[in-house]
Amino acid sequence: LKMPWMALFTTILSCYIATAIIFCVLFRLQPQGLRRDEEFSLPATELHSALQPDFLDLFCFSLAVVISGSGESSGIELVRGFTYTWLLWNLLNFFSVLAQAVITGLIFARFAKPTSRIRFSKKMVISRADISGVRTLTLRIANERENDIIQPNIQVVFSATEEGKGNQRRFFDLSLRLNNPAVLPAVMTVQHTITADSPLFGLSYETLRHRASFFHVVVSGLDSEYMNSTYAFRTYYVGDIAWESKFIDMVSPTSQEVVLDFKYFDCVEPAPA
């Protein structure tokens, strides 16, 4: 379901062609069971060989059956009295019906499945908050679709190896200032205050890098149009953190309304000391 459309159609076409080639080889095991639906003015000694389909004829016949369930468009018809060919033709018809049902369901599921277009900032920043003066981990998320995401849940998980315990890794669910708004706004700032009880308290860039740290950010919610669950996921590594920096303000006030300038969505600048 996550394949690009071009890759999906290429895969389907490849499966059809591969199936047609396999059945073409199987039909050639009893070539008398099929013949060309044409009229030839030839002697009886030459008429039999002229009506026998070649490899290309059998391939076109198999491909026509597997796609449409009928091989009439290929100009090849069944000859009565050949059980093997008749069974093979029915097996190919069964595969055709099954393939059409699966492909129809797959394409419908791709259209019906809601896809989130939640954008994450390229960087996380760690600096002192302007109001409280406490060091804060901050990132931005944005809803790029017109559909509202109702009752979103935002979760930030910090992971790092334990000091002196080899490769043993621990995971911490970071507390956020706001993680359950009623509706996900167009742009939202996600913040974790690094207080004394925070797993990030006292950790420097060198410490985080030495402990192979990373952050998982998960946003889930209910799509207002399809009323189905949707989610988005992003992983930040130590190199994705901008230290002693802050995000540039996106708000561009005009005379009539407040405008969010998304060209500043990922932009950061040094934070005041």
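**Figure 1. Helix α3 and its span in the predicted model.** This view, like those that follow, is taken from a predicted model. Helix α3 covers residues 55–68. The helix holds 14 residues, which at 1.5 Å a residue should span 20 Å; the C-alpha atoms at its ends lie 20 Å apart, so the expected and computed values agree. Directly after α3, G69 adopts a positive phi of about 85°.

**Figure 2. Buried residues of helix α3, with A64 in close-up.** Among the residues of α3 that are buried are D57, L58, F59 and F61. Further along the helix, S62, A64, V65 and V66 are buried as well. A64, which is located in helix α3, has a relative accessible area of 12%. This value is under the 20% cut-off, and A64 is therefore classed as buried. Between A64 and Y16 the C-alpha to C-alpha distance is 9.8 Å, although 48 residues separate the two in sequence.

**Figure 3. A nonpolar patch on the surface.** The patch is formed by L13, I17, I21, V25 and F55, and together these residues have about 410 Å² of accessible area. Helix α1, residues 5–27, makes the greatest contribution to the patch, with four residues. One member of the patch, I21, belongs to helix α1. The relative accessible area of I21 is 38%. Because this figure lies between the 20% limit for buried residues and the 50% limit for exposed residues, I21 counts as partly exposed.

**Figure 4. Strand β9 and its pairing with β6 and β10.** Strand β6 (residues 149–161) and strand β9 (residues 214–223) run antiparallel and are joined by nine bridges. Within this pairing, I150 has L222 of β9 as its bridge partner. Strand β9 also pairs with strand β10 (residues 229–237), again in the antiparallel sense and over nine bridges. Here F215 is matched with Y236, its bridge partner in β10. In a regular strand, side chains point alternately to the two faces of the sheet.

**Figure 5. The protein chain as a whole, for orientation.** The protein chain contains five helices and 15 strands. It has 273 residues, of which 36% count as buried. Its accessible surface amounts to about 16,400 Å², and carbon and sulfur atoms account for 58% of that area. Of the contacts in the chain with a separation of 6 or more, 68% are between residues 24 or more positions apart.

Note on methods. Residues numbered from 1 in each chain as written. Predicted model: local features only at pLDDT ≥ 70, side-chain atom pairs only at ≥ 80, totals over all residues. Heavy atoms only, no water. Patch = residues over 30% accessible without salt bridge, like charges linked within 9 Å, V, L, I, M, F, W, Y side chains within 5 Å. Areas by Shrake-Rupley, 256 points an atom, 1.4 Å probe, with all protein chains shown as cover. Salt bridge = Lys/Arg side-chain N within 4 Å of Asp/Glu carboxyl O. Helix = DSSP H or I, 4+ residues; strand = E, 2+ residues; numbered from the N terminus. Buried < 20%, exposed > 50% of the residue type's maximum accessible area, 1.4 Å probe, protein only. Expected span 1.5 Å × (residues − 1). Contact = heavy atoms within 4.5 Å. Pairing = 2+ DSSP bridges.
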